[in-house]
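Me: I would like to go through a protein structure by asking about it piece by piece. Please keep the answers short and show the reasoning.

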Amino acid sequence: MNLALTYPWVLALIPLALLPLTFAIQRRQGYPSLAGVEPDGLSRAVDIGLHLLGALAILSLLAAIGGLHLKGQTVERVGEGSHVVLLLDRSSSMDETFAGKQATETEASKSSVARELMREFINRRDHDRFGVAAFSTMAMPVLPITSHKDAVLGAVDAITRPGLAYTNVGQGLALALSMHEADPTAASRAILLVSDGAAVIDRRVQERLREQIAKRPVNLYWLYLRTAGAPGIFDPPREGVPDTPQAMPERHLNLFFQSLKVPYRAFEAENPEAIADAIEEIDKLERNPIRYQERIPEIDLSDLAYGIAAGTLLLLLLAKLAEVRLETGGALTRSKAGSTVAAARQATDNETKRLKEAA
Amino acid sequence: MRLPALKDPRTWLAAGALLLTLLAIFVPRIMLQRDAYDVMFVVDITTSMNTRDVKLAGEPASRLDVAKASIQDTLAQLPCGSKAGLGVFTERRTFVLYEPVEVCANFSALHDSIPHIHWRMGWQGDSFVSKGLFSALSIAHSDKADLIFITDGHELPPLPYSGLEPYEGKPGDVGGLVVGIGSHTSSRLLKYDADGREIGVYSMQDIPQENRAGPPPPDAESRPGYHPKWAPFGNAIVNNKEHLAIVREEYLKKLAGVTGLTYAYLGDDRSLANEFTKAAHARSLERSVDVSIIPGSLALALLTLLYGIAAVSAFRSPIRSVHNST
């Protein structure tokens with residue numbers, strides 16, 4: 001049991017519960033002699049019951065005031081999902097449409113299309129944990145891997161803000177990998193790179209990335225938002241165009257990713273529907289067993305305690321209302337021939353008189 | 001039917017306790033208005049923020065480290081329901097890392113994201129503080145949030161002689177703080193190489209001491225070596241101490257005045273929550289508050305009184321005396 005009190009000082013008041021054990025709710029009344037009354041088991045039980053009810057009323061009120069609750073807890077469960085670092089391109093070209101124009105009311109920018117679909121993806125992935133990194137001229141860590149989806153959505157929302165100048169993919173990837181390294185848990189790991197362009201990755205940076213990936217393998221997804229007229233990932237070089245990273249950075253980034261020896265998928269999306277398909281595909285692929293934490297919320301028991309207190313108080317009150325007065329009760333009720341106690345009392349009175357006379 | 005028990009105060013006490021307990025069950029929550037705040041934290045990550053002229057837990061620390069600690073402390077003191085976002089400033093604009101999200105539910109994520117702010121995230125070295133502040137204000141305005149802008153106010157290159165550009169927004173639309181950080185005594189600006197290693201300090205000649213991009217000052221004619229075409233700024237060496245790092249409070253107060261923000265100096269008390277809540281637009285939030293403890297405690301008091309009376313009457317009872325006398 002995980003019972004807990006919000007205000008533990010109520011425990012200091014527990015001795016109050018001794019009061020009803022000692023004293024009764026009924027009025028103490030004089031009675032000449034108990035010798036003539038036969039011991040009655042039921043009466044004894046009712047008497048003890050009333051004392052206990054009083055104690056119970058006080059204890060349950062104390063529990064209710066103290067805020068008795070079952071503690072919330074986190075339990076580990078196993079589900080399907082993975083730890084995903086979203087690596088988001090924040091270069092200014094993301095603010096343009098797929099046609100390479102300025103975004104208008106009818107035609108959304110690449111970043112806002114990507115934002116909506118990623119929001120949907122994040123909301124659909126119940127057990128995933130997400131980290132967010134952005135890159136443009138420099139790589140920027142945004143959120144370390146977390147299960148707080150609102151924060152992740154806040155970071156995804158920010159991609160529609162005006163971007164910066166360059167597309168420094170190499171540094172961004174290094175950052176995303178180091179975010180995975182900083183996350184100690186065992187889970188399937190993925191990096192989702194969302195960009196609308198690529199850049200040459202320095203040979204030294206390439207070596208470092210290979211080392212990082214060898215140390216902690218990840219599944220790599222590249223969602224390439226292709227602008228009309230921009231070179232594709234899978235296109236072979238055209239006539240007269242040299243097949244170099246400088247001339248065709250997208251193609252060569254794809255080749256580099258393929259050479260990393262980790263599960264890798266590239267998606268080329270030229271319109272919003274293609275992005276949706278790609279994200280659907282990633283959603284299907286990233287289904288590995290994952291241990292995730294589920295929070296069981298706190299359960300408030302104070303209403304239950306108040307209920308018990310109310311119940312006991314009701315019984316006590318009824319018992320109290322059923323009380324009769326011995327001293328005057330007989331005289332008052334004699335004419336109405338009401339209570340048996342009054343009759344009994346009269347009988348006793350007569351008996352006493354008779355005994356006195358006899359004496 | 002006559003109930004003799006009605007004459008006994010204990011009956012009424014028990015009835016009262018019962019009523020109060022029922023009250024505690026059925027009207028346990030009342031709605032109260034609470035204030036919540038939406039805030040965009042923007043921190044200056046230009047080189048001058050690396051100056052180690054402030055203290056964190058008694059140890060010398062860089063301005064950026066103290067600024068980050070301050071954001072964490074302030075986050076912890078914002079009332080639940082408030083939202084916080086984060087951005088960094090360098091060059092001439094503010095770059096949003098995440099839009100405002102609720103602080104309590106996402107506390108650990110927000111709190112853990114702060115230590116990752118680093119000056120190497122900066123995409124350019126310039127430090128147009130006023131432009132950065134203005135862009136932060138327009139971002140905060142679009143989020144309907146207030147602003148906490150933490151900077152040392154070191155404008156580099158210096159402002160032209162024409163002074164500050166006019167602020168295009170409406171002063172007071174966005175509330176919040178311009179927070180100055182840094183020592184009041186000057187220290188040297190640190191110098192870094194391309195890989196981010198510290199390699200010394202800047203000397204006077206390394207740093208533009210005055211802005212020569214704009215028109216020359218009106219008194220330029222009286223400067224030594226002045227020539228209207230070849231030396232419109234004169235040819236004397238100018239030393240405006242721009243290579244020294246010092247918190248530019250006068251400038252920040254002026255910026256705060258222009259934009260309708262409040263200026264605050266980040267001293268030993270790192271939490272900005274107090275100053276911020278005074279300067280911000282509160283968003284009133286209906287929150288249910290459990291007040292069942294009030295009728296509950298009263299019920300307990302009545303019950304204690306009830307048994308207290310029982311105890312007193314037990315000791316004062318005439319019954320005992322009757323027994324004793326017979």
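Reply: Contact here means heavy atoms within 4.5 Å. The model is a predicted one.

Me: Where in chain A is Thr167(A) placed?
Reply: Two helices of chain A frame the position, helix H4 (149-157) and helix H5 (169-181). Thr167(A) is in the loop between helix H4 and helix H5.

Me: Is Thr167(A) buried or exposed, and which residues is Thr167(A) in contact with, leaving aside its neighbours within four places in sequence?
Reply: Buried means under 20% relative accessible area. Thr167(A) has 16%, so Thr167(A) is buried. Leaving aside its neighbours within four places in sequence, its contacts are Asp89(A), Ser91(A), Phe135(A), Ser136(A), Gly197(A), Ala198(A) and Ala199(A).

Me: How many residues of chain A are in contact with chain B, and what area is buried between the chains?
Reply: On the side of chain B, 57 residues take part, and they are in contact with 56 residues of chain A. In chain B, Phe95(B), Leu300(B) and Tyr307(B) lose the most area to chain A, together 14% of what that side buries. Carbon and sulfur atoms give 70% of the area buried between the two chains, which is about 5000 Å².

Me: How many residue pairs are in polar contact between chain B and chain A, and which element gives the most residues to the side of chain B that touches chain A?
Reply: Between the chains there are 12 residue pairs in polar contact. Elements giving two or more residues to this side of chain B include helix H1 (9-26), strand E6 (93-102) and helix H7 (293-316). The residues of this side divide into 33 nonpolar, 14 polar and 10 charged. The element that gives the most, with 13 residues, is H7(B).

Me: How many salt bridges cross the interface of chain B and chain A, and how far apart are the closest N and O atoms of Asp143(B) and Arg161(A)?
Reply: The interface of chain B and chain A has 2 salt bridges. Asp143(B) and Arg161(A) form a salt bridge, and their closest N and O atoms are apart by 3.0 Å.

Me: What separates the centres of the two domains of chain B?
Reply: The domain assignment gives domain 1 as 4-28 + 291-325 and domain 2 as 33-207 + 242-286. Taken over C-alpha atoms, the centres of domain 1 and domain 2 of chain B are separated by 61 Å.

Me: Is Asp44(B) buried or exposed, and which side chain is joined to that of Asp44(B) by a polar contact of 2.7 Å?
Reply: Asp44(B) is found in strand E2 (residues 38-44) of chain B. Its relative accessible area is 0%, so Asp44(B) is buried. Leaving aside neighbours within four places in sequence, Asp44(B) has contacts that include Met49(B), Leu64(B) and Asp152(B). The side chain joined to that of Asp44(B) by the 2.7 Å polar contact is Thr151(B).

Me: Which residue forms a salt bridge with Arg119(A)?
Reply: Side chains of opposite charge can pair when their charged atoms come close. For Arg119(A), the closest N and O atoms of the pair are 2.6 Å apart, and the partner is Asp157(A). The pair links distant parts of the chain, with Arg119(A) in helix H3 (residues 110-124) of chain A and its partner in helix H4 of chain A, 38 residues apart. Arg119(A) is partly exposed at 25%, whereas the partner is buried at 17%, and that partner is Asp157(A).

Me: How many residues apart are Arg283(B) and Asp38(B)?
Reply: The side chains of Arg283(B) and Asp38(B) meet in a salt bridge of 2.7 Å, N to O. This pair links distant parts of the chain, strand E14 (residues 283-290) and strand E2 of chain B, and the two residues are apart by 245 residues.

Me: Which kind of peptide bond joins Leu156(B) and Pro157(B)?
Reply: Pro157(B) is found in the loop between strand E7 (146-151) and strand E8 (176-180) of chain B. Omega is about 0 degrees for the bond between Leu156(B) and Pro157(B), and the bond is cis.

Notes:
Residues numbered from 1 in each chain as written. Chains lettered and ligands numbered in written order. Predicted model: local features only at pLDDT ≥ 70, side-chain atom pairs only at ≥ 80, totals over all residues. Heavy atoms only, no water. Domains from an automatic or database assignment. Helix = DSSP H or I, 4+ residues; strand = E, 2+ residues; numbered from the N terminus. Buried < 20%, exposed > 50% of the residue type's maximum accessible area, 1.4 Å probe, protein only. Buried area = accessible area lost by both parts, 1.4 Å probe. Salt bridge = Lys/Arg side-chain N within 4 Å of Asp/Glu carboxyl O. Polar contact = N/O pair within 3.5 Å; in protein donor to acceptor, adjacent residues only side chain to side chain. Nonpolar A, V, L, I, M, F, W, Y, C, P; charged D, E, K, R; others polar.
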